[in-house]
Amino acid sequence: MTAKTLPVLRDELQHCRNCDLYKFATQAVPGEGKKKARIVFVGEQPGDEEDKTGRPFVGPAGRLFDRALDEAGIDRSEAFVTNAVKHFKFEERGKRRIHKKPSAGEIKACRPWLEAELVIIRPQVLVCLGATAAQSVFGPDYRVTRERGKIVEHAWAPRATSTIHPSAILRAPGEQRHLEFERFVNDLRLVRAAS
Ligand code: URA
């Protein structure tokens, strides 16, 4: 995909038929933030609230992410926040829509959109939040458990790294949640220092 502008990309994304997820989602959710952002964060895929509002990281995981960014001294409005997969994948259980992990095929199908965003922004630091983003950016053999926090060079950014997904912190039990949050904030402090 050739480099365009973010608004053009946003419009084109709504017509994406690279996989079947568009059939069930309300809309595609493009990345959001500063065109000249030094830091780009990549999540997994929109959740229920993101699907309805069309904006990334505005639901429960997004609120936790905002708190962590705040503690780490990163201004979200100076960054760019996006997802590896742009449509919400879910399973209906009664009235609820339960998040389903995107497949390797869906991650691959959506990769050109992520690449197009990154080619326009050209950030200094690219941060993968969780395994799906890391798989899209670094390939299927990459393991966040092994590589978390390590900074490497990447075609899309001079410095690229990974940490856990904010949802994993929400799922952590009791006191563990607090510890995981602190560890996450520490990772974000390193990101800030690298930017
Ligand atoms: N989780 C993600 O990975 N991305 C969002 O936009 C929201 C929740």
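Select N83 together with the ligand: in this predicted model, a polar side-chain atom of N83 lies 2.7 Å from a nitrogen atom of the ligand.

Next, select H165. An N or O atom in the side chain of H165 is 2.6 Å from an oxygen atom of the ligand. Then add F57, where the backbone supplies the contact: one of the backbone N or O atoms of F57 lies 2.9 Å from a ligand oxygen atom. With the ligand still selected, consider its surface; on its own the ligand has 230 Å² of accessible area, and the protein covers 93% of that.

Now extend the selection to the residues around the ligand. These are G43, E44, Q45, P46, G47, E50, P56, F57, N83 and H165. Colour this shell by class, and three nonpolar, five polar and two charged residues appear.

Which pocket does the ligand occupy? The space taken by the ligand is the largest pocket. Display that pocket as a surface: the largest pocket holds about 950 Å³ of space. There are 34 residues in the lining of the largest pocket, and those closest to the pocket centre are E44, H99, H165, S167 and R171. Two of the names in that central set, E44 and H165, also belong to the residues around the ligand.

Switch to a cartoon view for the secondary structure. Helix 2 (48–53), helix 3 (60–72), strand 5 (96–99), helix 5 (131–138), helix 6 (144–147) and helix 7 (166–171) each give two or more residues to the lining of the largest pocket.

Finally, colour the pocket lining by class. The lining of the largest pocket has twelve nonpolar, eleven polar and eleven charged residues.

Methods: Residues are numbered from 1 along each chain as its sequence is written. This is a predicted model: local features need pLDDT of at least 70, side-chain atom pairs count only at pLDDT 80 or more; totals for chains, interfaces and linings use all residues. Side-chain values use heavy atoms; hydrogens and water are left out. A residue is near a molecule or strand if one of its heavy atoms lies within 4 Å of it. A polar contact is a pair of N or O atoms within 3.5 Å; within protein, one must be able to donate a hydrogen and the other to accept it, and residues adjacent in sequence count only if both atoms are side-chain atoms. Accessible areas come from the Shrake-Rupley method with a 1.4 Å probe; for residues, only the protein chains shown count as cover. On a 1 Å grid over the protein atoms alone, a cavity is a set of points where a 1.4 Å probe fits but cannot get out, and a pocket is an open set with protein on both sides within 12 Å along at least five of seven lines; lining residues have an atom within 4 Å of a point. A molecule sits in a cavity or pocket if more than half of its atoms lie within 2 Å of its grid points. Ala, Val, Leu, Ile, Met, Phe, Trp, Tyr, Cys and Pro count as nonpolar, Asp, Glu, Lys and Arg as charged, and the others, Gly among them, as polar. Grid points are joined across faces, edges and corners, and a volume is the space filled by probe spheres set on the points. Helices (H or I, at least four residues) and strands (E, at least two) are DSSP runs, numbered from the N terminus.
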